[in-house]
Amino acid sequence: MDTPQLSSLYQQLILEHYRNPRNKAELDDKTVEIHMANPVCGDEVRLQLKIEDDRIVAAKFMGHGCSISQAAVSMMTTKLEGASLQDAEALARRFTEMMHGSTEAAKDKALGDLRALQGVSKFPVRIKCALIGFDALQEALKSYAQEETA
Ligand code: ZN
């Protein structure tokens with residue numbers, strides 16, 4: 001699929017993460033692992049988190065797919081290391097709001113580079129691409145919480 005027309009600065013940032021993904025590696029001592037796929041586009045992500053004392057101490061991923069999906073996951077992992085589970089959840093909520101068109105969420109500096117993906121919200125078929133990483137994160141946090149209470 002073509003990359004939607006985004007401002008060139010944002011497009012560069014997305015391509016930069018796509019070509020040089022951060023935290024793309026296997027995590028040996030992971031606490032949770034979630035696999036997510038977006039069959040519409042062929043995107044796949046396997047997110048691995050190491051959680052200690054309700055804090056994400058390491059976030060890695062493996063995956064393939066379009067530039068938007070892979071860049072979004074790469075950007076997301078850079079925000080996760082050291083984050084509390086609460087912060088990670090808040091970030092996922094904020095990003096999801098932005099992708100569903102919230103201009104207020106898009107102004108949130110906490111999103112950092114992830115704001116480059118705001119323009120994707122204008123392309124409904126691509127929103128799933130941008131969200132695949134955070135969907136995996138939300139599933140991971142849910143499954144971790146379930147294990148904790150089990
Ligand atoms: Zn995609």
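Strands here are DSSP runs of E with at least two residues, numbered from the N terminus. Phe61 lies in one of these, strand β3. The model is a predicted one, and the following paragraphs go from this strand to the zinc site and then to the surface.

With a relative accessible area of 0%, Phe61 falls under the 20% limit and is therefore buried. Its C-alpha atom is separated by 6.4 Å from that of Asn23, although the two residues are 38 residues apart along the chain.

Strand β3 spans residues 55-64, and the loop between it and helix α2 (67-80) holds Cys66. Cys66 is one of the protein donors of the zinc ion, through its SG atom. Cys41 and Cys129 also donate through SG, while Asp43 is listed twice, each time with an OD atom. These donors lie 2.2 to 2.7 Å from the zinc ion. Along the sequence, the spacing of the donor residues reads C-x1-D-x22-C-x62-C. Cys129 belongs to helix α5 (residues 124-149), so the pair Cys66 and Cys129 ties together parts that are 63 residues apart in sequence.

Are these two cysteines buried or exposed? Cys66 has a relative accessibility of 13% and so counts as buried. Cys129 is buried as well, because its relative accessible area is 0%.

Helix α5, which holds Cys129, is also the place of Glu147. Glu147 is part of a patch of negative charge on the surface, where it gathers with Asp53, Asp54 and Glu148.

Terms used
Residues numbered from 1 in each chain as written. Predicted model: local features only at pLDDT ≥ 70, side-chain atom pairs only at ≥ 80, totals over all residues. Heavy atoms only, no water. Donors = N, O, S within 2.8 Å, 3.2 Å for Na, K, Ca; no water. Helix = DSSP H or I, 4+ residues; strand = E, 2+ residues; numbered from the N terminus. Buried < 20%, exposed > 50% of the residue type's maximum accessible area, 1.4 Å probe, protein only. Patch = residues over 30% accessible without salt bridge, like charges linked within 9 Å, V, L, I, M, F, W, Y side chains within 5 Å. Areas by Shrake-Rupley, 256 points an atom, 1.4 Å probe, with all protein chains shown as cover. Salt bridge = Lys/Arg side-chain N within 4 Å of Asp/Glu carboxyl O. Lys, Arg positive; Asp, Glu negative; His and termini not counted. Charge placed at Lys NZ, Arg CZ, Asp CG, Glu CD.
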